[in-house]
Amino acid sequence: MYNLWMYKYLNVLASVFILLMAFNLEAKEVVLKKEINWDSAAHTQEMSHLLDKVNSQINRGEDYYVDNSLRAKEIYNIAKTQLGSEKLETLLEVAVEYLNAGELDSAISLLLNEILNSSVAKKNEKFEREARFILAAVYFRKGEKSNCMHFNNSDSCIFPLKKGGIHREKKWAKESIVVLNKLLKNKKLPYAEQLKYQWLLNISYMALGEFPNQVPKRYLLKAEKILDKTKLLKFENVSKSLGVDASFHAGGAIMDDFNNDGFLDIIASSFHLGDPLSIYLNNGKEGFNNVSETSGLKGITGGLHISQIDYDNDGNLDFYVNRGAWRSDLSATAGNYPNSLIRNNGNGTFTDVTKISGLLSLLPTQSSVWADFDNDGFVDIFVGHEITTGNPGTKNWELFKNLGDGTFNEISKTIKGIELKDVWIKGVAVGDFNNDGFGDLFISIYGGSNKLFIAQGAWNFIDASSKAGISDPQFSFSTSIFDFNNDGLEDILVYAYDYNQTDISDVVLDYIGQKKKSGKSSNPALYRNNGDGTFTNVTSQVGLDYELLAMGTNVGDINNDGWLDIYVGTGTPQMYFLVPNRMFLNQGGKRFVDVTEMTGLGHLQKGHAISFGDFDNDGDQDIYAVMGGAYSDDKFENALFMNKNNSNKWIKMLLVGTKSNRSAVGARVKIVTKNKKNKLRSIYRTISSGSSFGSNSFLLHIGLDDALSIESIEVRWPDGSEQIKIDISDVKINNRYRIKEGVNRAEMY
């Protein structure tokens, strides 16, 4: 009896101890320098003034994107000094600039009255065809502006156009069809040119609601692929109804919880320096509240990519803004863009602390990555820059060590093993490829071979690029590190993007059922980790050998089957290239299947940053996508795709570091489940934002497919420690849990 009483007493004491530990054990908090007023608005104002200064130094006539109306005027003045074919070529440039600027009536007038009406144009068949195609594109753009922009709805610009996506004002799509049909009558067209015309012709017929029946059979896209009537994986664009339809240019996106209320919020950026940040707080009821004006970030503009992190371990997510992408070769000053570290004050406001934190530098940046490279509990940041053309030796990367007091020190000169001379860095990502507890660094190079640096402890790397075999593609862009086949080894997916690409023939070939060209440098590369320091390119094997024209990308599990799927934002800067974003469903880690049409995710505008997260807490992952383009008039409402598929099981886990960094970035999770057939299955995940161009929530959302029970959960915290088994005695499927380092018990929240 006594022994039984003592046993119960000791159990109670143990439970109380665990609860006290859970209550008291907090993150390794940064002790901010007391002499600095960290939330002072003066810091934000200082950055705002700097951004204004950089913006004022841009040569608007030279810059390709900022003011296309001014460019049109300046190029037109050049044309006035020219004669004959030279003049016509310049005038066609003017027409394209009018298109980019949204001055569509001016473009039509110039094309009809000065260019196509010229005797010189009529003698140059190739030039005349190009001018007529631009005219067709201008007509279609007129239709877009008077329909899917003025009457934007959930169906607008979703490929294939139907229902609400069909144009109300049909005149301009009809005009486009007339021009394109005339172009296609030429029997001697180069095939790539025919495909370009054929693509826009089909989309124009869709805009009229006449696809596929009225499209000339010779030029019809593969209707059975496009008109998929399956509704198993349907999404709906609810950005307008929920108030997150920011309409700016290409930019970044984050979906995460910035006010710790249990609901995922959204932050979006736009890379023009005249464009503000858009900050939306999820109200947990009927939508989001736009708090951009009251956030304290007035004047903090621009940014093609943004990523979240709790850099000071205070429990509030901060974020980082990357600026200057694609600007390095425009002028002597255009590459001098500052990035921004935005501190969350925990009261609904933010402060730009870039300068006082020691992170200020003036270099063009597309991508950066947060990681605790020395496992001291404070996240550091690697920043990759775009080299200035014609200026070899330009500093193209920086590594800032978090000093634990709110400040950073740039230590690239002391880092061993990283050599990146004269390369243009477009994507950076961190993964632990050899499972040794230290973050390894993958770098995608634009116009060169990719790089992989394997950590040898803190601040020491070896270049494993050659051995690993990850050099392609040669025009790399965004990249994701994830375990696509659930073998416990992180793999690499890197996308290709050629800025000068003007041929979309491979995209069209896929939609007319013809074989694509092989070995394209613009295809992505999926590298499977072999576990021995080498990787195998399995792109073709898994069905991802597409020319995607990929820009923003990310990974998530849209059907909760435990396999990470891929969503790709697509396009090129040219206004006349409208190609759908692509969704690829992971089938058991063996193959990816294109489910774009059946999901309703094929947005035709310029897809950039992609973020996955369950914003409505219904148990499936939704997707936020930035849809604006590069040129002055290429603005479009961002999309929030609500997932309507939640039949499979799931679990969510928020990991909180104590010895490790508070966000637990780099932590590895292994879940073992059992289904009704008593079959055991392992699922692996890593805490990260998912991509170098788009940021997922740090709240792990793990699909469990048909699991009846969770048999075990193991966590390897990002401090280099061994894998820890989590107490799952209270864990139930289809719920959300918090796991604190040191307590290692899953608690519902």
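In this report a residue counts as buried when its relative accessible area is under 20%, as exposed when that area is over 50%, and as partly exposed in between. The structure described here is a predicted model.

## Helices

Helix 3 covers residues 68–79. By the cut-off above, its buried residues are Asn68, Ser69, Arg71, Ala72, Ile75 and Ala79. These residues lie on the same side of helix 3, because they cover an arc of only 155° around the axis. Helix 4 (84–101) is among the elements that cover the buried residues of helix 3. As to length, the 12 residues of helix 3 should span 16 Å at 1.5 Å a residue, and the end C-alpha atoms are indeed 16 Å apart.

Helix 8, made of the 14 residues 171–184, gives a similar agreement: the distance from its first C-alpha to its last is 20 Å, close to the 20 Å expected at 1.5 Å a residue. The buried residues of helix 8 are Trp172, Ala173, Ser176, Ile177, Val179, Leu180, Leu183 and Leu184. The cover over them includes helix 5 (104–115), helix 7 (125–149) and helix 9.

## Strand 12 and its partners

Strand 12 spans residues 380–385, and 6 of its 6 residues are buried. In a regular strand, side chains alternate between the two faces of the sheet. In strand 12 both faces are covered, with Asp380, Phe382 and Gly384 buried on one side and Ile381, Val383 and His385 buried on the other.

Strand 12 has pairing partners that include strand 11, to which 6 bridges join it in an antiparallel arrangement. Within this pairing, threonine 365 stands opposite histidine 385 of strand 12. Strand 12 also pairs with strand 13 (residues 397–402), again in the antiparallel sense, over 4 bridges. There, glycine 384 has tryptophan 397 of strand 13 as its bridge partner.

## A sheet of four strands

Strands of a sheet pair through backbone hydrogen bonds, either parallel or antiparallel. One open sheet in this model consists of 4 strands in the order 33-32-35-36, and its pairing is antiparallel. Its edge strands are strand 33 (680–686) and strand 36 (724–725), each of which pairs on one side only. Strand 36 is joined to strand 35 (residues 707–716) by 2 bridges in the antiparallel sense. Glutamate 714 has lysine 725 of strand 36 as its bridge partner.

## Cavities

Rolling a probe the size of a water molecule over the atoms shows where empty space is left. The structure holds 10 cavities of 30 Å³ or more. The largest cavity contains about 480 Å³ of space. It is lined by 35 residues, of which Val369, Trp370, Val430, Val665 and Ser688 are the closest to its centre. Strand 7 (305–309), strand 11 (365–371), strand 15 (425–431) and strand 19 (476–482) are the elements that give two or more residues to this lining.

## Loop residues

The table lists two cis peptide bonds, each of which leads into a proline.

| Peptide bond | Geometry | Omega |
|---|---|---|
| phenylalanine 211 to proline 212 | cis | near 5° |
| aspartate 472 to proline 473 | cis | near -5° |

Proline 212 is situated in the loop between helix 9 (191–208) and helix 10 (223–226). Proline 473 belongs to the loop between helix 13 (465–468) and strand 19.

Some loop residues have an unusual backbone angle. Asparagine 313, although not a glycine, has a positive phi of about 55°. It is placed in the loop between strand 7 and strand 8 (318–322). Aspartate 422 is likewise not a glycine and has a positive phi of about 55°. Its position is in the loop between strand 14 (408–410) and strand 15. Are these residues buried or partly exposed? Asparagine 313 counts as buried because its relative accessibility is 1%, whereas aspartate 422 is partly exposed, with a relative accessible area of 33%.

Serine 689 is found in the loop between strand 33 and strand 34 (700–705). With a relative accessible area of 16%, serine 689 is buried. Which residues does serine 689 contact, leaving aside its neighbours within four places in sequence? The contacts of serine 689 are with Gln308, Asn554, Gly694, Ser695, Asn696 and Phe698.

Notes
Residues are numbered from 1 along each chain as its sequence is written. This is a predicted model: local features need pLDDT of at least 70, side-chain atom pairs count only at pLDDT 80 or more; totals for chains, interfaces and linings use all residues. Side-chain values use heavy atoms; hydrogens and water are left out. Two strands pair if DSSP finds at least two bridges between them. The expected span of a helix is 1.5 Å times one less than its number of residues. Buried means under 20% relative accessible area, exposed over 50%, partly exposed in between (1.4 Å probe, protein chains only). The arc is that of the directions from the helix axis to the C-beta atoms. Contact means heavy atoms within 4.5 Å. On a 1 Å grid over the protein atoms alone, a cavity is a set of points where a 1.4 Å probe fits but cannot get out, and a pocket is an open set with protein on both sides within 12 Å along at least five of seven lines; lining residues have an atom within 4 Å of a point. Grid points are joined across faces, edges and corners, and a volume is the space filled by probe spheres set on the points.
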